[in-house]
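These are my notebook entries from a first look through this structure. I wanted to learn which side chains are hidden, what they touch, and where charged groups pair up.

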Amino acid sequence: MIEHYRLYVQLKFNKMSKPSQAIATLPTAVQAALVQLGDHLCTARLRRSESLRDWATRLNVSVPTLMRMEKGDPKVGMGVYATALWLAGFEEGLRHLANPASDAQALAQELRILKRPKGNVHGQ
């Protein structure tokens with residue numbers, strides 16, 4: 001009885017949930033990058049002669065989820081994209097995403113702060 005109630009609650013609230021505002025307001029450049037990433041991952045799968053079913057099994061997702069990922073769907077979890085990158089042998093590139101050492105904007109800001117006169121620590 002309790003299991004039936006839990007299943008009912010899961011189904012009701014999963015279907016009734018509103019789309020994320022972050023996804024609804026996704027910048028065009030981000031959506032384009034996801035589409036390109038999905039296309040690259042699709043090409044990687046095809047070049048390895050992997051079927052949708054086999055690749056989905058290895059990713060531990062359904063075939064429809066894999067198809068959505070290959071189209072760049074932002075609703076597909078980051079973990080699925082990351083695992084697909086790993087399966088294709090691209091995990092090294094994943095390690096370098098958002099690397100603080102490559103953040104030129106933040107580094108320039110830190111340099112500006114360091115160059116301030118000593119008495120002007122808090123921007124006064």
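**Entry 1: a cut-off to start with.** I call a residue buried when its relative accessible area is under 20%, exposed when that value is over 50%, and partly exposed in between. I also keep in mind that the model I am reading is a predicted one.

**Entry 2: arginine 68 and its partner.** I looked up arginine 68 and found a relative accessibility of 33%, so I noted arginine 68 as partly exposed. Its side chain meets that of aspartate 73 in a salt bridge, with 2.8 Å from N to O. I then checked aspartate 73, and because its relative accessible area is 17%, I wrote it down as buried.

**Entry 3: the other charged pairs.** How many salt bridges does the count come to? I arrived at four, and I looked at two more of them besides the one above. The side chains of arginine 58 and glutamate 50 form one of these salt bridges, at 2.9 Å from N to O, and arginine 58 is partly exposed, with a relative accessible area of 45%. Arginine 95 and glutamate 92 form another, at 3.3 Å from N to O. Both of these residues lie in helix α7, which spans residues 91-95, and they are three residues apart, about one turn of the helix. In this pair arginine 95 counts as exposed at 58% relative accessibility, whereas glutamate 92 is partly exposed, with a relative accessible area of 44%.

**Entry 4: helix α4.** In α4, which covers residues 52-59, I listed Trp55, Ala56 and Leu59 as the buried residues. They sit on the same side of α4, because the arc they cover around the axis is only 100°. When I turned to the other side of α4, I found Arg53 and Thr57 exposed. The buried residues of α4 pack against α3 (28-47), α5 (63-70) and α6 (78-87). After α4 comes asparagine 60, whose phi is positive, near 65°.

**Entry 5: helix α5.** Which residues of α5 are buried? I noted Thr65, Leu66, Met69 and Glu70. Viewed down the axis of α5, these buried residues fall within an arc of 135°, so they line one face of the helix. They pack against α3, α4 and α6. I followed leucine 66 further and, setting aside its neighbours within four places in sequence, found it in contact with Arg45, Leu52, Trp55, Ala56, Leu59 and Val61. Just after α5, glycine 72 takes a positive phi of about 85°.

**Entry 6: the loop from α5 to α6.** I found glycine 77 in the loop between α5 and α6, where it counts as partly exposed because its relative accessibility is 36%. Its C-alpha atom is separated by 9.6 Å from that of threonine 65, which is twelve residues away along the chain.

**Entry 7: the nonpolar core.** In soluble globular proteins, nonpolar side chains tend to be buried together. I therefore looked up the largest nonpolar core, which is a set of buried residues joined through side-chain atoms within 4.5 Å. This core has 14 residues, of which Leu41, Leu59, Val61, Leu66, Met69 and Tyr81 touch the most other members. The helices α3, α4, α5 and α6 each supply at least two residues of the core, and α6 gives the most, with five.

Conventions. Residues are numbered from 1 along each chain as its sequence is written. This is a predicted model: local features need pLDDT of at least 70, side-chain atom pairs count only at pLDDT 80 or more; totals for chains, interfaces and linings use all residues. Side-chain values use heavy atoms; hydrogens and water are left out. Buried means under 20% relative accessible area, exposed over 50%, partly exposed in between (1.4 Å probe, protein chains only). Helices (H or I, at least four residues) and strands (E, at least two) are DSSP runs, numbered from the N terminus. The arc is that of the directions from the helix axis to the C-beta atoms. Contact means heavy atoms within 4.5 Å.
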